[in-house]
Amino acid sequence: MKKLIAILLAVVMVFALCACGGGGSEPAKPDDSAEKGTIKAGLVCIGDENDQGYTYNFIRATETAKEALAKEGINVEWVIKYNLIEGDPVAVANEELAEEGCSVIFNNSYGQEPAMLTIAPDYPNVQFVGCTNEGSWKDDLDNTHNAFARIQEGRYVAGVVAGMKLQEMIDNGDIKADEAVIGYVGAYSFAEVISGFTAYYLGAKSVCPSVTMKVQFVGSWSDATLEANAAQALCDAGCVMISQHSDNTTPATTAEKNGVFHTGYNADMMAAAPKASIISTRIDWTNFFVYAIKTVYNGGNFEPDYCKGFAEGDIAMTTLNEDICAAGTKEKMEEVIAKIKSGELEVFDTSTFTVDGKTIDSYTAIDMTGDFVPDEGEAVWDGAFHESYYPGLMSAPYFALRIDGIEWLNEAY
Amino acid sequence: MHNQRAPLFHLAKRTSLSPARAWTIRLASFVVAILIGGLIFLLLGDDPVSAYGAIITGSLGKKVAIRQTVKIAVPLLGTALAIAPCFKMRFWNIGAEGQITAGAIGATFFALNYYDKLPSPVLLIVMGLAGAVCGAFWAFIPAFFKARWGTNETLFTLMMNYIVIGLVKWLQGGPWEGKPGSQIIPNFASSAVLPKVFGIHCGWIIVLILTIFIYVYMRYSKHGYEIAVVGESENTARYAGMSVARITIRTMLLSGAISGLVGYMVASGANMTLYYSVADGVGFTAITVAWLAQLNPFAMIAISFLLAILDKGASTLQTVMNVPASISDIITGIFLFCMLASEFFINYRLVFRHDSGKEAVSE
């Protein structure tokens with residue numbers, strides 16, 4: 001009986017605690033948000049920072065953006081939700097962030113946009129951003145936005161680095177000219193991926209004319225084993241340089257195991273494969289975060305779409321692995337980046353590639369009718385294919401041509 | 001001799017326990033869970049009181065929060081109701097996850113292909129029927145194998161989950177994909193979306209009706225009686241002239257149909273699309289709900305709501321207090337563990353060595 005009373009007492013105490021907690025947390029909140037110079041921003045992530053790649057790249061940008069805005073007297077309070085793929089959980093997270101007082105909510109993955117768009121109409125004063133997608137800028141809502149970066153520029157430069165290494169191997173007699181084959185591990189046969197590896201290939205070809213490329217799709221954005229298997233298959237097929245558009249470092253480690261080289265995406269992969277990984281390119285989201293948050297903070301509204309490149313500092317290259325890169329890579333890289341910045345060099349210069357032996361002179365970029373077939377927006381003019389062209393077209397990639405010199409080993413939709 | 005060999009303590013099944021005592025144990029386990037959870041917050045350097053406060057306000061503090069909490073509870077309750085008859089029959093259906101997914105596929109087929117051909121109410125009913133039929137079909141396969149060849153239903157139903165989830169992945173990237181390469185099935189047209197009642201998709205009304213149905217079915221129908229007999233002893237059932245195979249298949253069909261209906265509600269009401277993790281672990285969490293509720297449908301309402309509060313509240317906790325995201329899983333885990341442990345102590349008791357002799361005599 002004594003035990004029973006003790007238990008009951010404990011119960012009463014705990015409930016009393018809870019009751020206080022419920023009431024106690026209320027008054028603390030308004031003080032926080034009313035604090036001068038503070039703005040809340042939300043970020044909905046497909047993964048978490050442990051991926052050391054895609055989501056980590058966003059988390060890193062939240063920190064740099066916070067620092068940058070702090071210098072301007074704006075205190076950003078980030079609220080981050082993790083591991084949300086699509087569907088209702090994404091909608092719930094957006095709703096929760098809006099309720100929590102976030103003025104801007106960023107969704108970091110393509111698949112989150114449809115769910116985000118179901119919540120946006122209920123919160124007209126909150127700005128919603130669907131990164132890498134294209135449904136928000138063309139809808140009727142003023143508070144939905146898209147954003148991306150001209151990552152093809154970074155891929156092109158990574159391609160130049162890879163091409164220089166291949167050309168050096170040819171010049172040293174390590175491989176014959178026709179053995180300069182790149183193996184590319186792609187996620188899906190999707191414009192974003194196609195655009196990326198084509199830019200990469202063109203970069204390599206600009207310094208190593210005999211280069212060819214094989215692409216193996218894995219049918220997943222993030223599957224370490226499949227990516228490793230694809231990289232191994234490419235090595236077995238004679239590829240001497242591996243690159244990737246997928247989330248894991250296993251293509252880099254597989255390249256190292258096979259004694260070939262590698263360039264990566266989203267993350268510095270030098271630590272994972274010091275003898276293989278030469279360089280990576282990544283999007284730096286800091287500028288966009290700063291721009292969007294600052295505009296909202298000042299009471300304005302930012303553009304429905306956003307896309308910047310090297311010139312504005314939205315594309316970054318990771319540290320060059322100078323132990324294994326070809327001689328003169330650093331200088332060449334700087335030269336190419338400077339040309340991209342000035343507009344002298346177009347990544348998709350139509351004179352540098354052909355499709356079925358023909359130079360392309362027209363391409364329709366945007367689907368406005370919702371049938372997934374592009375029906376407006378000419379992307380080719382002045383001798384170049386203008387990818388992720390905004391303002392004018394849109395930030396989401398639309399380059400989906402199969403150019404000569406790139407062999408697709410499979411397809412994955 | 002006997003006493004020397006006896007271990008420090010052993011477990012003994014309780015013969016009877018007054019309901020008051022049983023509820024005291026349950027309450028105590030709840031308190032223990034709160035205290036252990038509080039300890040975790042203390043270790044993290046957070047104030048446990050405001051942390052629990054955040055959980056409560058986050059799940060029940062606002063209208064929106066309550067709506068979200070109910071939205072989480074709906075599939076949990078629905079699926080717990082679905083598996084209850086199977087568990088009563090001692091048929092371990094852990095394939096609700098797959099049956100939900102199969103139901104969602106059936107509903108999505110009509111949502112994508114008939115959204116402009118049928119009036120909305122008819123379409124929604126057809127989608128619901130399709131969901132139930134597909135869910136039932138997915139449950140029928142392991143049930144048939146069990147009835148015909150005595151296969152192990154636990155493994156069979158579990159593996160069926162992965163097959164159907166793979167099927168959705170294929171549909172997402174294949175025939176039902178929207179923009180080529182996107183791996184995304186377009187959102188349903190508004191005619192294929194469940195209407196809202198009090199701001200929550202009307203699935204909550206459906207599951208409440210189902211609760212009453214299952215209660216009556218299990219307690220007052222001939223079917224319910226047969227299920228109970230088979231669960232107690234298959235031989236008794238056979239001796240009484242019941243066809244165990246028929247009862248097994250029939251019960252699994254019902255279970256799958258309800259799971260399929262849940263899949264329809266989640267796809268049409270909450271997600272408005274189909275994607276591979278449409279079931280999102282509900283099929284497994286519902287097992288806990290069903291057990292904790294002792295297969296009592298009305299208790300399931302309370303348990304699923306409690307778990308939804310924990311789920312939603314823990315998620316808010318992460319947003320407002322910036323605790324690591326995995327803390328919410330840890331807190332939910334602690335509560336589940338303590339609650340399940342309490343059921344253990346209601347059914348068994350520890351007998352320590354000093355009174356084991358006495359115990360032996362009484363046996």
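Colleague: Leaving aside its neighbours within four places in sequence, with which residues is R67(B) in contact?
Modeller: In this predicted model, R67(B) belongs to helix α4 of chain B, which covers residues 63-88. Once the neighbours within four places in sequence are set aside, the contacts of R67(B) are with G199(B) and I200(B).

Colleague: By what distance are the C-alpha atoms of R67(B) and H201(B) separated?
Modeller: Along the chain, R67(B) and H201(B) are 134 residues apart. In space, the separation of the two C-alpha atoms comes to 9.4 Å.

Colleague: Why is R67(B) classed as partly exposed?
Modeller: A residue counts as buried from 20 other C-beta atoms within 10 Å, and as exposed at 12 or fewer. R67(B) is partly exposed because the number of other C-beta atoms within 10 Å is 19.

Colleague: Which element of chain B has the lowest mean pLDDT?
Modeller: Chain B averages a pLDDT of 89, and 96% of the residues score at least 70. Over residues 356-363 of chain B, however, the pLDDT is below 50, and this stretch has nine contacts in the model beyond near neighbours in sequence. While helix α5 of chain B (residues 96-113) has the highest mean pLDDT among the elements of the chain, at 97, the lowest, 45, belongs to residues 356-362, helix α15 of chain B.

Colleague: What ipTM does the model score?
Modeller: Two scores are given for the model, of which the pTM is 0.84. The other, the ipTM, is 0.80.

Colleague: Which element gives the most to the side of chain A that touches chain B?
Modeller: The contact between the chains takes 38 residues from chain A and 39 residues from chain B. On the side of chain A, at least two residues each are supplied by α1 (2-34), β2, α3 (88-99) and α4 (113-119) of chain A. By kind, the residues of this side divide into 21 nonpolar, nine polar and eight charged. With twelve residues, the element that gives the most is α1(A).

Colleague: In what order do the strands of the open sheet of six strands in chain A run?
Modeller: The edge strands, each of which pairs on one side only, are β2 (75-81) and β11 (307-308) of chain A. At one of these edges, β5 (residues 144-149) of chain A pairs with β11(A) in the parallel sense over two bridges, and A149(A) has K308(A) as its bridge partner. The pairing in this sheet is parallel, and the order is β2-β1-β3-β4-β5-β11.

Colleague: About what angle does the direction of helix α9 of chain A make with that of β1(A)?
Modeller: Helix α9, residues 286-297 of chain A, packs on the sheet and touches β1 (38-44), β2, β3 (104-107), β4 (127-131), β5 and β11 of chain A. Between the direction of α9(A) and that of β1(A), the angle is about 135°.

Colleague: Which element supplies the largest share of the side of domain 1 of chain A that touches domain 2 of chain A?
Modeller: The domain assignment of chain A gives domain 1 (36-149) and domain 2 (151-408), with C-alpha centres 25 Å apart. Here 33 residues of domain 1 are in contact with 34 residues of domain 2, and β1, α2 (54-71), β4 and β5 of chain A each supply at least two residues of the domain 1 side. That side divides into 17 nonpolar, twelve polar and four charged residues. Its largest share, ten residues, comes from α2(A).

Colleague: Why is helix α8 of chain A described as largely enclosed by the rest of the structure?
Modeller: The buried residues of α8(A) are T250(A), P251(A), A252(A), T253(A), T254(A) and A255(A), and they pack against β6 (181-186), α7 (224-236), β8 (241-245), β9 and β10 of chain A. Helix α8(A), residues 250-257, is largely enclosed because the buried residues among its eight number six.

Colleague: In which sense do β10(A) and strand β12 of chain A pair?
Modeller: Strand β10 (residues 277-283) of chain A is mostly covered, with seven of its seven residues buried. With β9 (residues 261-265) of chain A, β10(A) pairs in the parallel sense over four bridges, and G264(A) stands opposite S280(A). Towards β12 (residues 315-317) of chain A, R282(A) has A316(A) as its bridge partner. The pairing of β10(A) and β12(A) runs over three bridges, and its sense is antiparallel.

How values were computed
Residues are numbered from 1 along each chain as its sequence is written. Chains are lettered from A and ligands numbered from 1 in the order in which they are written. This is a predicted model: local features need pLDDT of at least 70, side-chain atom pairs count only at pLDDT 80 or more; totals for chains, interfaces and linings use all residues. Two strands pair if DSSP finds at least two bridges between them. Two residues are in contact if their C-beta atoms, placed from the backbone, lie within 7 Å. Axes are lines fitted to C-alpha atoms, for helices over the stretch in contact, and angles run from 0 to 180 degrees between N-to-C directions. Ala, Val, Leu, Ile, Met, Phe, Trp, Tyr, Cys and Pro count as nonpolar, Asp, Glu, Lys and Arg as charged, and the others, Gly among them, as polar. Domain bounds come from an automatic or database domain assignment. pLDDT is the predictor's confidence in each residue, from 0 to 100.
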